[in-house]
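Biologist: I'm new to this one, so could you walk me through a few parts of it?

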Amino acid sequence: DVPTLKVHTLRRKGKRVVLEVMNVPRYILDKNKKVTLDGDHFFTNKLIFFVTLSRNIELNTIQHYPKNREKGTMLDGLKAVLRLYGARGFVVRIFNADNEFECSREELLELGVVLNTASANEHCPFIERRIRLIKEKGRAVRHGLPYAVMPKLMIAELLYFVVHWLNAFPAKNGVSNTISPGTIMTGGTPDYKKYCKANFGSYVQTHEEFVPRNSMAARTIGAITLGPDNSEQAGYWFMSLNTGKRIHRRNWTPLPMPDEVVSRVEKLGKEMVNQTCWCSLTSMVIIC
């Protein structure tokens, strides 16, 4: 029962981290060093997302814009994607996008990227089909949850969660039948025991480490699972039921979903309708 968890939960010692990063196989890097990237924006519940997809490698990235699609915001998001590819030895040479990116042509040329824009009422079919897939997967997860209303934070993290798992498996038309796009771009290998500990939207009591430890403060707090953090330590992101904000924890206890938790999430969703959901740029590329 929850009161017992809040009183008797003990602090667990963290495990020693051994970081093993796989280099990009030479046969993949040599043939695909120059990358063609497709990108576009889409809306979900009035939230703006920027999605990119690379040809051949088939890596998906997603970023939530906390503000409008300003030139500076679009450039910052795109530069983060370029740095991601550059860190693994790839070079983005062509960026296919809608006409809204035309204002960034000169800045992209300075970075060595040629912008190819579609004309009015024309779209890039490669990225449009991927956006449709992301939305379909997101709706499938969404309608498996008991909440009638969800906070903006959960909606954004839901799409991050979908992209995370799209990158976790080898792409059908990708450069390898055995290596996933996420592994190619990070060197990490997906681990069931690390990344499948809790389902998105499930209810848990996260283990807290308040100071001083001998106080009467509760040792756990109620939270909703948002997904893994992609680290070797296998931590998870959660939404605190007390504040409605995102928290990062390494230990938790899963529990059945009571009606009061469903009501609390729906209340947070209604209260946060007019608030801005902010997610860090490091969460933009959801990969394993």
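Biologist: Is helix H6 mostly covered or mostly open, and how many of its residues are buried?
Modeller: This is a predicted model, and in it H6 is mostly covered, with 12 of its 15 residues buried.

Biologist: Which ones are they?
Modeller: The buried residues of H6 include a run that begins with Leu153, Met154, Ile155 and Ala156, and among the others are Glu157, Tyr160, Phe161 and His164.

Biologist: What is the reach of H6 from end to end?
Modeller: From its first C-alpha to its last, H6 reaches 22 Å, which is close to the 21 Å expected at 1.5 Å a residue.

Biologist: Moving on to H9, where does that helix lie in the sequence, and how many residues has it?
Modeller: H9 takes up residues 259–271, which gives it 13 residues, and its reach of 18 Å from first C-alpha to last is close to the 18 Å expected.

Biologist: Which residues of H9 are buried?
Modeller: Those are Val261, Val262, Val265, Glu266, Leu268 and Gly269. Looking down the axis of H9, the buried residues fall within an arc of 155°, and so they line one face of the helix.

Biologist: And what does the face turned away from that buried side carry?
Modeller: That face of H9 carries the exposed residues Asp259, Glu260 and Lys270.

Biologist: What covers the buried residues of H9, then?
Modeller: The cover includes helix H6, which spans 152–166, together with strand S6 (203–207), strand S7 (220–228) and strand S8 (236–240).

Biologist: Different topic: how many disulfides does the structure hold?
Modeller: It holds 0 disulfides.

Biologist: Why is there no bond for Cys103?
Modeller: The closest cysteine sulfur to that of Cys103 is in Cys124, and because the two are 15 Å apart, they are too far for a bond, given that a disulfide needs the sulfur atoms to be within 2.5 Å.

Biologist: Are those cysteines buried or exposed?
Modeller: Cys103 is partly exposed, with a relative accessible area of 38%, whereas Cys124 counts as buried at 10% relative accessibility.

Biologist: One more, Asp40: where is it placed, and is it buried or exposed?
Modeller: Asp40 has its place in strand S1, which covers residues 34–44, and at 4% relative accessibility Asp40 counts as buried, because the cut-off for buried is under 20%.

Biologist: What is Asp40 in contact with?
Modeller: If its neighbours within four places in sequence are left aside, Asp40 is in contact with Phe49, Phe50 and Val51, with Asp98, Glu100 and Glu128, and with Ile127 and Ile131.

Methods: Residues are numbered from 1 along each chain as its sequence is written. This is a predicted model: local features need pLDDT of at least 70, side-chain atom pairs count only at pLDDT 80 or more; totals for chains, interfaces and linings use all residues. Side-chain values use heavy atoms; hydrogens and water are left out. Buried means under 20% relative accessible area, exposed over 50%, partly exposed in between (1.4 Å probe, protein chains only). Helices (H or I, at least four residues) and strands (E, at least two) are DSSP runs, numbered from the N terminus. The expected span of a helix is 1.5 Å times one less than its number of residues. The arc is that of the directions from the helix axis to the C-beta atoms. Contact means heavy atoms within 4.5 Å.
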